[in-house]
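User: I would like to go through the labels attached to this model and ask, for each, what justifies it. Please set the value against the cut-off wherever one is needed.
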Amino acid sequence: MVLPGDSRGLDPYTASANNVADGSRLSALYDVLLWTDPTTGGVQPQLAESLSPEGVDTSSWVLTLRPGVRFTDGAELNAEAVKRAWEAHLKPQLRSISAVLVTTLKLTVVDNLRLRIKLPAPNANFDRAVTRNLNFIPSPRTLETDQSIAASAKAPVGAGPFKLREWVPGQRMTFDRNPDYWQKDRPYLDSVTFVVNPDTAQAAKTIDAGKADITVSTDMLLINEARQRGLAVGDIPLNGGLMIAFNMRKNRAFANPDLRRAVVLSLSTDAIDKRFYAGAGAPAKGIFGSSSPLANIQLSAPQNEPETAATLFASLTDNGRKPIDITYVIPRSPKAEAIAQYIKETVEKASNGGVRWKIESEDIPNFIKRTSGEANFDASVYQIWAEDPEPTIYQFLHSKGGYSNITGYNNADVDAALDSARQATSQSARSEAYTRLQVEVNRDLPYFVYQEAVAAYLCAPRLTGVQLFNDGVLLFDRIGLRA
């Protein structure tokens, strides 16, 4: 499998669990408690037999685990192991993005295989939060001391279909079949190697040449190329998308709403799509996908008003006499750098030189640290792939979203809309709440989404059993090779 970057660490507290980062690595190592089926939107059990609310009050849930599951070090996967794994997210030195969720939970071991989870308020979609934030469980033996947790970043212990054999930093990771996996007839593969190649544009060519078997991509141009080459492709539409995220904290330039609006109005989603995706992508109209039943398609986000942008820039910079310096942080890859250069040129031209847009490229681990961990940027490329607004968009936009709220956005009406949608049990009630959210963010502009979200696997036709879950992560227990 080809991925664009290496991992900072393979424990569930350090790794980034999304589709083009560490999600598939973690899935191979740890398996998952639950997974979201992108074709139905339903949450399916895996290591867990069920996760369901107690009675009609969705503020209390019970997780029931499968019996007989063991980690590769022999420890049992039981309710106490899950409790310890979740509580480890609270260790401040780990800076886990899931700490903000776990802080609110009261966890009680009911018996060996059942864990009761008491929430601070009703949440009809808590199971989705688990699939995204708390899905990967390490052996309790790796959690005994701070030193053992730190060691597990490089020497992880899970209960998944594979276990780590070799890690050559910056090049590859090799995993071997777990002979004691709980599904005795699986996995079907003897080994999986994850190869690092930042030049994602070459992935389809690499697979077609027989030098790799599979990758996951969010680039419609690459997805279309894979189809043209006769590769097997399975894609899923998502919410979120590729965006510019503005750091709105008070000590940053984009705390000024007029500067955010000026940048947004200087840009065109259609122009970016034509230039970088040959018109094959999906120019975004906001953070909800156009096919989402939860979106209000009449509430397109502002964009492409260059004359208004120029007027705003002139006022903000006193006609260029008081220039504004912007640091734009991006992950290091040819595609990201090309789009960033185009955005720089467009903004600087619209501002008549009044805005000086500096691009800083980072490898993926440092990019995540700098944006989600340190908030050390003025603007950043950002990507959200969300099969449902819960919990990813909630955490991105809610003032109490923790590290996931990289913009520092704080709007009480948005918080209220997100909380209402979280508690709603009907699609109509959720849609009404998300409409209120769209109205607010279209005014505040904490981000500019320029390409709708999509995820797809691109693989050699010899692969079988390829199943994406959540935002486009692979379930490795069922992948095999045709005879």
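User: Why are helix 9 and helix 11 called oblique to each other?
Analyst: A word of caution comes before the answer, since this is a predicted model. The axes of helix 9 (residues 269–277) and helix 11 cross at roughly 140° and come within 11 Å. Roughly antiparallel requires an angle over 145 degrees, while roughly perpendicular covers 65 to 115, and what fits none of the named ranges counts as oblique; helix 9 and helix 11 are therefore oblique. Helix 9 passes helix 11 in a right-handed crossing. On the side of helix 9, the contact is made by Ala271, Ile272, Arg275, Phe276 and Tyr277, and on the side of helix 11 by Lys335, Ala338, Ile339 and Tyr342.

User: What makes up the contact of helix 9 with helix 11, by class?
Analyst: Sorted by class, the contact of helix 9 with helix 11 has 7 nonpolar and 2 charged residues, with no polar ones.

User: What makes helix 14 roughly antiparallel to helix 15?
Analyst: The axes of helix 14 (residues 412–423) and helix 15 (residues 427–444) cross at roughly 160° and come within 8 Å. Because angles over 145 degrees count as roughly antiparallel, helix 14 is given that label with respect to helix 15. The crossing in which helix 14 passes helix 15 is left-handed. Residues of helix 14 that take part include Val414, Leu418 and Ala421, which belong to a set meeting residues of helix 15, among them Tyr434, Leu437 and Val441. By class, the contact of helix 14 with helix 15 has 9 nonpolar, 1 polar and 4 charged residues.

User: Which residues have the most contacts inside the largest nonpolar core?
Analyst: They are Trp357 and Leu397, and the core they sit in has 62 residues. Helix 11 (residues 334–350) supplies the largest share of this core, 6 residues. A second, separate core has 39 residues, including Leu51, Leu107, Leu119 and Leu134. As background, nonpolar side chains in soluble globular proteins tend to be buried together.

User: Which residues is leucine 397 in contact with, leaving aside its neighbours within four places in sequence?
Analyst: Leucine 397 is in contact with Asn405, Tyr409, Val414, Asp415, Leu418, Leu437, Val441, Pro446 and Tyr447.

User: Why does leucine 445 count as buried, and why does arginine 95 count as partly exposed?
Analyst: Leucine 445 has 3% relative accessibility, and buried means under 20%, so leucine 445 counts as buried. Arginine 95 is at 44% relative accessibility, and partly exposed lies between the limit of 20% for buried and that of 50% for exposed, so arginine 95 counts as partly exposed. Phi is positive in arginine 95, near 50°, and this residue is other than glycine; leucine 445, also other than glycine, has a positive phi near 55°. Arginine 95 is placed in the loop between helix 2 (79–87) and helix 3 (99–102), whereas leucine 445 is found in the loop between helix 15 and strand 16 (447–459).

User: What is omega for the cis peptide bond that joins arginine 186 and proline 187, and what is omega for the cis bond from glutamate 390 to proline 391?
Analyst: For the cis bond joining arginine 186 and proline 187, omega is about 0°, and for the cis bond from glutamate 390 to proline 391, omega is near -5°. Proline 187 lies in the loop between strand 9 (172–177) and strand 10 (191–196), and proline 391 is in the loop between strand 15 (379–386) and helix 13 (392–397).

Key: Residues are numbered from 1 along each chain as its sequence is written. This is a predicted model: local features need pLDDT of at least 70, side-chain atom pairs count only at pLDDT 80 or more; totals for chains, interfaces and linings use all residues. Side-chain values use heavy atoms; hydrogens and water are left out. A nonpolar core is a set of buried Ala, Val, Leu, Ile, Met, Phe, Trp, Tyr and Cys residues joined through side-chain atoms within 4.5 Å. Buried means under 20% relative accessible area, exposed over 50%, partly exposed in between (1.4 Å probe, protein chains only). Helices (H or I, at least four residues) and strands (E, at least two) are DSSP runs, numbered from the N terminus. Contact means heavy atoms within 4.5 Å. Axes are lines fitted to C-alpha atoms, for helices over the stretch in contact, and angles run from 0 to 180 degrees between N-to-C directions. Angles under 35 degrees count as roughly parallel, over 145 as roughly antiparallel, 65 to 115 as roughly perpendicular and the rest as oblique. A crossing is left-handed if the near helix is turned anticlockwise from the far one by less than a right angle, and right-handed if clockwise. Ala, Val, Leu, Ile, Met, Phe, Trp, Tyr, Cys and Pro count as nonpolar, Asp, Glu, Lys and Arg as charged, and the others, Gly among them, as polar.
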